[in-house]
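Q: Please take a close look at one part of this predicted model. I would like a connected account of the side-chain contacts there and of the places in the chain that they join.

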Amino acid sequence: MQKSIFFFLMVWLASFQGMAQDSGPTDYRNFPVTLTLQFQSFSLPFKNLGANFKNMGIGIGTEVSHNGDHDWIQEFSLFWIRNKAMGNGLYLMTQTSWRPYLGNPVFGELKAGIGYKLAFRPSESFIQKNREWIAAGKKGKGMLAIPIGIGLGVHDYSESVYTSPFVNYQAIFLKGFNQDIPLVPETIFQFGTRTHFNELVK
């Protein structure tokens, strides 16, 4: 199963290389629109990878360059993931990303940051108050989230509008999920594109 997943990732990225130009990108444009499709699992990194694809979500974000180039980026993202067993989650993240070129137009990615997860209960819950059980709804609690990720992408430069497809794998450590365990791990696969606009919105 794990070999099949990685083979799919390589084919997906390779399918975009034919669209890329031979020359390297000469410009980076701040504030692209980032759209993502993600798959989540409560598991240790690189364990039981197939479980991720049972829980799907969507997200949106943007980013800015730290040095006016493509290699050091600050990302901002908001995404939601559906998990029927453990409860849905809404995430707000910011991460610093390093993107070295592995061979034009393909780049690698290493990133880490901080965020916040609002977790929801999978079903209606009740709390005891004045010796009576009162419905508390499905809302859970907010938790500090520490994401660390790796990835691959294609930077297909164009003078007008262009998209940069990518895939990454992240481990997210949640603080406060359980009183007995200081940090609870979960993992997320992300497939997405960044749409960079022309110089009018640079």
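A: The charged end of Arg194 is placed over the ring of Phe166, at 3.9 Å from the ring centre. The side chain of Arg194 also meets that of Glu75 in a salt bridge, with an N to O distance of 3.5 Å. Arg194 belongs to strand β9 and Glu75 to strand β3 (residues 72-81), so this salt bridge ties together parts 119 residues apart in sequence. Arg194 and Glu75 are both buried.

Strand β9 contributes a further salt bridge through Glu186, whose side chain meets that of Lys117 at 3.2 Å, N to O. Because Glu186 lies in strand β9 and Lys117 in strand β6 (residues 106-129), the pair ties together parts that are 69 residues apart in sequence. Both of these partners, Glu186 and Lys117, are buried. Elsewhere, salt bridges with shared partners join Arg194 and Glu75 with Glu63, Arg99, Glu109 and Lys111 into one network.

Within that network, the side chains of Glu63 and Arg99 form a salt bridge of 2.8 Å, N to O. This pair links distant parts of the chain, as Glu63 is in strand β2 and Arg99 in the loop between β4 (89-98) and β5 (101-103), 36 residues apart. Glu63 counts as buried because its relative accessibility is 1%, and Arg99 is likewise buried, at 1%. In total, the structure holds 8 salt bridges.

Aromatic contacts also involve strand β9. The structure holds 8 aromatic pairs. One of them joins Phe46 and Tyr169 in a tilted arrangement, with 4.9 Å centre to centre and 40 degrees between the planes. Here the linked parts of the chain are distant: Phe46 is in the loop between β1 (33-41) and β2 (56-65), Tyr169 is in strand β8 (residues 162-175), and the two are 123 residues apart. Phe46 is partly exposed, at a relative accessible area of 48%, whereas Tyr169 counts as buried, at 8% relative accessibility.

Tyr169 forms another tilted aromatic pair with Phe189, at 4.7 Å centre to centre and 50 degrees between the planes. This contact links strand β8, which holds Tyr169, to strand β9 (residues 183-196), which holds Phe189, across 20 residues. Phe189 counts as buried, as its relative accessibility is 2%. Phe46, Tyr169 and Phe189 are members of one aromatic cluster, together with Phe39, Phe53 and Phe191.

Strand β9 thus supplies Arg194 to the salt bridge with Glu75, Glu186 to the salt bridge with Lys117, and Phe189 to the aromatic pair with Tyr169.

Note on methods
Residues are numbered from 1 along each chain as its sequence is written. This is a predicted model: local features need pLDDT of at least 70, side-chain atom pairs count only at pLDDT 80 or more; totals for chains, interfaces and linings use all residues. Side-chain values use heavy atoms; hydrogens and water are left out. Rings of Phe, Tyr and Trp (its six-membered ring) pair if their centres lie within 6.5 Å; planes under 30 degrees apart count as stacked, over 60 as edge-to-face and the rest as tilted. Helices (H or I, at least four residues) and strands (E, at least two) are DSSP runs, numbered from the N terminus. Buried means under 20% relative accessible area, exposed over 50%, partly exposed in between (1.4 Å probe, protein chains only). A charge sits over a ring if NZ of Lys or CZ of Arg is within 6 Å of the ring centre and within 35 degrees of the ring normal. A salt bridge is a side-chain nitrogen of Lys or Arg within 4 Å of a carboxyl oxygen of Asp or Glu.
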